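Could you walk me through this model, one question at a time?

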Amino acid sequence: DKAAALSSLQYAARKGQPMAAWKLGEMYAKGDGVKEDDIKAFEYYSQVVREHGDSGPHEPDAPFVASAFVALGTYYLNGISDAVPQNVARARQIFTHAASYFGDPEAQYELGRMYEGSSSRLAVRWYNLASLKGHVGAQARLGETLYNMAHSDAQKARGLMWLTVARRQVHGTDTDWINPITSTRKSDFDHVHSKVVDSGTR
């Protein structure tokens, strides 16, 4: 039953199992089988990072450790009322570690979002890395950023290409914000595509 499963996970987490502590963090963060509690989630994610943060990026537990880093980064980015003060610099530091050391696409995407307002070049760099790993949100943001930065039809075409890739793969809640972006660019895609094709056949 759920109580027994929770007890088993807590026991495994106390014994230093990173997957168990990560799972507990996920459960408390989402209210999955337990009462939602961001503070408890933060504590379990912190345990994973504290005890296993030096794990190699190719070790079996690396995906759970990387995910815990991203979760902590998100908590620092937004803060937890009366518990964890918002700390954007700390969030960027954590995301950078997860993105660079573990190559985590969610961390790369979050870094892209953080840099979007201050450095389009860095935003594109991180979005591109996540996009190549199939992160649909990053593909959409990359396409939009490249399109807005473009100084030629060929550059616009590259941005529209990534928007098309995202549109073809999007599902779930991401549909709500990705589809409107790609829909507004559909006529642009047809126009730019025809111009690029014409220039290539001359």
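Here are some questions and answers on the fold, the core, a loop residue and the pocket.

User: Before we start, how are residues numbered, and what kind of model is this?

Analyst: Numbering starts from 1 along each chain as its sequence is written. Side-chain values use heavy atoms, with hydrogens and water left out, local features need pLDDT of at least 70, side-chain atom pairs count only at pLDDT 80 or more, totals for chains, interfaces and linings use all residues, and the model is predicted.

User: In which helix is confidence lowest?

Analyst: pLDDT is the predictor's confidence in each residue, from 0 to 100. The chain averages 90, with 91% of the residues scoring at least 70. Where pLDDT is low, the predicted coordinates should not be read in detail. Confidence is highest in α6 (residues 105-115), at 98, and the lowest mean, 55, belongs to residues 186-200, helix α11.

User: How many helices and strands are there?

Analyst: Both come from DSSP runs, numbered from the N terminus: helices are H or I with at least four residues, strands are E with at least two. From the N terminus on, the elements run α-α-α-α-α-α-α-α-α-α-α. That comes to eleven helices and zero strands.

User: Which helix supplies the largest share of the largest nonpolar core?

Analyst: Such a core is a set of buried Ala, Val, Leu, Ile, Met, Phe, Trp, Tyr and Cys residues joined through side-chain atoms within 4.5 Å, where buried means under 20% relative accessible area, exposed over 50% and partly exposed in between (1.4 Å probe, protein chains only). This one has 50 residues, and L24, Y28, F42, Y45, F69 and F95 touch the most other members. The largest share, twelve residues, comes from α4.

User: Is D82 buried or exposed?

Analyst: D82 is in the loop between α4 and α5, and its phi is near 65 degrees, a positive value in a residue other than glycine. Most residues other than glycine have a negative phi. With 84% relative accessibility, D82 counts as exposed.

User: What is the volume of the largest pocket?

Analyst: On a 1 Å grid over the protein atoms alone, a pocket is an open set of points where a 1.4 Å probe fits, with protein on both sides within 12 Å along at least five of seven lines; lining residues have an atom within 4 Å of a point. The lining includes E26, D38 and Y75, and α4 gives the most to it, with five residues. Volume is the space filled by probe spheres set on the points, which are joined across faces, edges and corners. For the largest pocket that space is about 150 Å³.
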